[in-house]
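Opening the notebook on this one. I want to look at the inside first, then at the nucleic acid side.

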Amino acid sequence: MEYIVENNNILFNDYLDFDIEHILECGQCFRFYKKSDKDYLLIAYDKILRVTQGDNKIIFHNTNTNDFDTIWTNYFDLGRDYGDIKKVLSDIDEHLHKAVSEKGGIRILQQDTWETLISFIISQNKNITHIKILIEELSKKYGTYIGEEDNVKYYSFPTIEQLSAASEQDLRDLKVGFRAPYIVDACRKVFNNEVDLVGLTSMEIEEAKNELMKIKGVGPKVADCVLLFGAKRYEVFPTDVWVKRIMEHYYFNKDTKIKAIHEFAVEHYGTLAGFAQQFLFYYARDFKIGKK
DNA sequence: AGCCAGGCACCGC
DNA sequence: GCGGTGCATGGC
């Protein structure tokens, strides 16, 4: 991957399989701000990064080769050939072919495991707009100040130690509602190693899922999201209402149980199930496919 | 206004 | 096991 260093920016020319809008808006992450068309500010790993993209150029602003090589290359999963993945998925069936061709710039970000755990606990029974607000509030209150951009102060996502300082009532005051005890339980079990987040990348997949589901408020869907977005487990298929809708629409044509859909997808898409899910989810949500 | 949100725990059977 | 219901809060 050859990039160009120019002042404090890092540039790519003619980079394929990367669309910053697809990557950030596809629902896998929450801490980003759209400044204008294909111009985003994102917060990850205690850093603020601005990314802009033109026809044949991607610019990572105000960064350096060290951060790029140690953080952003992994974060954007630049070592993986998405051309290959997209080709395999497209050949599976016409539905996936369509989703991949419409949303071809998606890449699965390698996010922090802890942050994805708390974020997806919060996500349950909420719309994406409000999830983003709650995560910002949590960061503002318990995270660390990391800098200012356009007169806005930004804060890192709270560490396990920082968030452990919050009581259930503190969290309720932040309006997380019934999720407050879930967050407290996650803090406690991760802090005292009752739940091993580091081991998630290497455990048998069922074991990894069960490890996460020891936490109150973590069920199959949240566990799959944490594994896919925060632990590089690409064989899972998070099945939520949107995925249920598009799968029913394309493959079942009737009201089908989430469990049955999940089993079908894992079988049908195999080791690339996670990538398939993300293409389908974003495609379905953007075009409101399956929505009554 | 009222329904529903990237689910899950808890309760009956 | 399986299906129904309540859940805090805010967007649409």
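Before anything else, my helices (H or I, at least four residues) and strands (E, at least two) are DSSP runs, numbered from the N terminus. I'm working on a predicted model, where local features need pLDDT of at least 70, side-chain atom pairs count only at pLDDT 80 or more, and totals for chains, interfaces and linings use all residues. Residues are numbered from 1 along each chain as its sequence is written, chains are lettered from A and ligands numbered from 1 in the order written, and side-chain values use heavy atoms, with hydrogens and water left out.

**Entry 1: the cavity.** I ran a 1 Å grid over the protein atoms alone; a cavity is a set of points where a 1.4 Å probe fits but cannot get out, and lining residues have an atom within 4 Å of a point. Points join across faces, edges and corners, and a volume is the space filled by probe spheres set on the points. I got 1 cavity of 30 Å³ or more, and the volume of the largest is about 120 Å³. Its lining has 15 residues, with Cys 29, Ile 43, Tyr 75, Gln 111 and Glu 115 nearest the centre.

Which element gives the largest share of that lining? It's α5, with 4 residues. Both β4 (39-44) and α5 (113-123) supply at least two. Sorted by class, I count 8 nonpolar, 4 polar and 3 charged residues (Ala, Val, Leu, Ile, Met, Phe, Trp, Tyr, Cys and Pro are nonpolar, Asp, Glu, Lys and Arg charged, the others, Gly among them, polar). Domain 1 (4-79) and domain 2 (113-230) both contribute lining residues, so the cavity lies between them; the bounds come from an automatic or database domain assignment.

**Entry 2: DNA strand B.** I called a residue near if one of its heavy atoms lies within 4 Å of the strand. That gives 25 residues, and Gly 27, Asn 127, Ile 128, Asp 240 and Gln 277 come nearest. Of the strand B atoms within 4 Å of the protein, 58% are sugar and phosphate.

For polar contacts I took pairs of N or O atoms within 3.5 Å. A polar backbone atom of Ile 128 sits 2.5 Å from a phosphate oxygen of strand B. Asn 125 puts a backbone N or O atom 3.2 Å from a base nitrogen, and Gln 124 has a polar side-chain atom 3.2 Å from a sugar or linking oxygen.

α11 (220-230), α12 (241-252) and α14 (273-287) each give this surface at least two residues. By class the surface has 10 nonpolar, 9 polar and 6 charged residues.

Definitions and conventions. On a 1 Å grid over the protein atoms alone, a cavity is a set of points where a 1.4 Å probe fits but cannot get out, and a pocket is an open set with protein on both sides within 12 Å along at least five of seven lines; lining residues have an atom within 4 Å of a point. A polar contact is a pair of N or O atoms within 3.5 Å; within protein, one must be able to donate a hydrogen and the other to accept it, and residues adjacent in sequence count only if both atoms are side-chain atoms.
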